[in-house]
Amino acid sequence: MFQVPRGTRDFTPNEMQKRRYLEQNMATTFTSFGYGEIQTPTFENLELFTAKSGESIINELYTFTDKGGRELALRPELTAPVIRFYVERLQMEPKPLKLFYFGNCYRYDRPQKGRYREFQQAGCEIIGADTFEATAELLALAFTLLKNTGLKNVRINLGNLTIISAMFKKLKLLKDDQKTLLPLIDKSLFDDLKIALGECNVSEKEIDSFISVLQSSDIGEIRSFIADDHDAMKELHSMEAILDLLKNAFHVNEFEIKLSIVRGLDYYKGLVFEIDAPVLGAEKQLCGGGSYELVSLFGGTVVPTAGFAVGFDRTILALEAEGFIFPPSKLDVFIIPVNQDMVSTSIEIAQQLRNHNISVDFDQLRRGMGKSLKYADAKHVDKVIIVGPKELEKKTVILRDMKTGNQETVAITEIYGKLKKT
Ligand code: AMP
């Protein structure tokens, strides 16, 4: 027997109903912030991802050579494809360009709950604006996007790669050392970080204050550590201005500075952030993003870029864990022809109602009244229409309310009006 490939999933109609609900909900929020939807291919030229995505992504790539000998990869994320698209075709568009997307991503990762080899991301990029208000809005959008789905508890954690660089500089760490230290910081492995810093000849006192700043959300403590670095101080001021707008204009308060947020991808710079859903435990990161530089690497004219990606699958898991009730998938009406002669009238009624956007099915298995009603019940149908010869003679049918069991005789011409009312 065949099985789905490891790390991939099939989705039932019920699960798809949840996914479609979430997609529509998120598209509405993106649109309300002035974003327009785009789509890019599922696979890209391999080089697009090996250029700057960083080792962790490259190690997880699904790559293949096509019949023309081209080296291709299934996309592991969507930022690089979107910027490729921008540089290729959208550079002349009025700025800022606000783009959102949904798309499947592929990573050869170790599958577990909330971590798959094929998963969907919802994300966006803003190209051409990096004012405080643009960045604060991006953070507010990420937060609102998740809250609007129905999630109750999400928290933003903010890091800054310019500040981290200044902190490395202060400890006189070499670029190579930084490469091995960043993953430890990213995973908050502070004991291992302590050992690694010791091996880089950093004094114990400096290690302690470095790790303390990494874990601190106190701007004062961060400021005193980086006070003599001009770029980092400027970045800290920007962060304060952005957070001021986020709090006092967008009224988003659920955030914290956490400099240990450094993100796995190599193209980020400056502000980075993640949003967690604590209810998920281990794989709780729902969203990751920040400002980055890819445009010039892809041959475009330098322009500020920032964005984020939300793990679509994890958002569903978080909603389920919080006990969210998704709108159920529903069949509005089920029609039961009492005998074979009633079938064509049943079909005509079904078609009429479908033209009014009512979801309708009719018994196609000739299984009789009792079994048909049982089926309608199992499908959580609101109303059943029974088409019988006696009623049909008078151009009527029986309309049954499945919740109450009440039945009434209704003229065929009045079925829609009656359904609309209820
Ligand atoms: P990243 O592109 O790694 O920043 O991921 C952005 C978001 O996508 C994460 O916060 C997760 O919610 C989601 N995500 C990343 N990798 C996976 C995966 N293997 N399976 C499911 N969701 C994922």
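In the predicted model, the largest nonpolar core comprises 109 residues. Within this core, the residues that touch the most other members are Ile156, Met167, Leu193, Phe210, Ile226, Phe273 and Phe308. Helix α5, spanning residues 132-148, provides the largest share of this core, with 10 residues. A further core of 17 residues lies apart from it, and includes Met342, Ala350, Val387 and Val410. In soluble globular proteins, nonpolar side chains tend to be buried together.

Strand β6 (118-127) is paired with two other strands. With β5 (residues 97-106), strand β6 runs antiparallel, and the two are joined by 10 bridges. One of the bridge pairs places Tyr101 with Gly123 of β6. Pairing between β6 and β11 is likewise antiparallel, and 7 bridges connect these two strands. Gln121 stands opposite Gly311 of β11. Of the 10 residues of β6, 9 are buried, so this strand is largely enclosed by the rest of the structure. A residue is taken as buried when its relative accessible area is under 20%. In a regular strand, side chains alternate between the two faces of the sheet.

The ligand is surrounded by 14 residues, of which Arg107, Tyr116, Arg263, Gln285 and Gly311 are the closest. By class, this shell consists of 5 nonpolar, 4 polar and 5 charged residues. Three strands, β6, β10 (285-292) and β11 (305-311), each contribute at least two residues to the shell. The largest share comes from β10, which supplies 3 residues. Strand β6 thus has a place both in the ligand shell and in antiparallel pairing with β11, another of the strands that supply the shell. Gly311, one of the closest residues to the ligand, is the residue that Gln121 faces across these strands.

Several N and O atoms of the protein lie at short listed distances from the ligand. A backbone N or O atom of Tyr116 is 2.8 Å from a ligand nitrogen atom. For Gln285, a backbone N or O atom is placed 2.8 Å from an oxygen atom of the ligand. Gln121 approaches through its side chain, with a polar atom 3.2 Å from a ligand oxygen atom. On its own, the ligand has 480 Å² of accessible area, and the protein covers 92% of this area.

Definitions and conventions. Residues are numbered from 1 along each chain as its sequence is written. This is a predicted model: local features need pLDDT of at least 70, side-chain atom pairs count only at pLDDT 80 or more; totals for chains, interfaces and linings use all residues. Side-chain values use heavy atoms; hydrogens and water are left out. A residue is near a molecule or strand if one of its heavy atoms lies within 4 Å of it. A polar contact is a pair of N or O atoms within 3.5 Å; within protein, one must be able to donate a hydrogen and the other to accept it, and residues adjacent in sequence count only if both atoms are side-chain atoms. Accessible areas come from the Shrake-Rupley method with a 1.4 Å probe; for residues, only the protein chains shown count as cover. Helices (H or I, at least four residues) and strands (E, at least two) are DSSP runs, numbered from the N terminus. Ala, Val, Leu, Ile, Met, Phe, Trp, Tyr, Cys and Pro count as nonpolar, Asp, Glu, Lys and Arg as charged, and the others, Gly among them, as polar. Buried means under 20% relative accessible area, exposed over 50%, partly exposed in between (1.4 Å probe, protein chains only). Two strands pair if DSSP finds at least two bridges between them. A nonpolar core is a set of buried Ala, Val, Leu, Ile, Met, Phe, Trp, Tyr and Cys residues joined through side-chain atoms within 4.5 Å.
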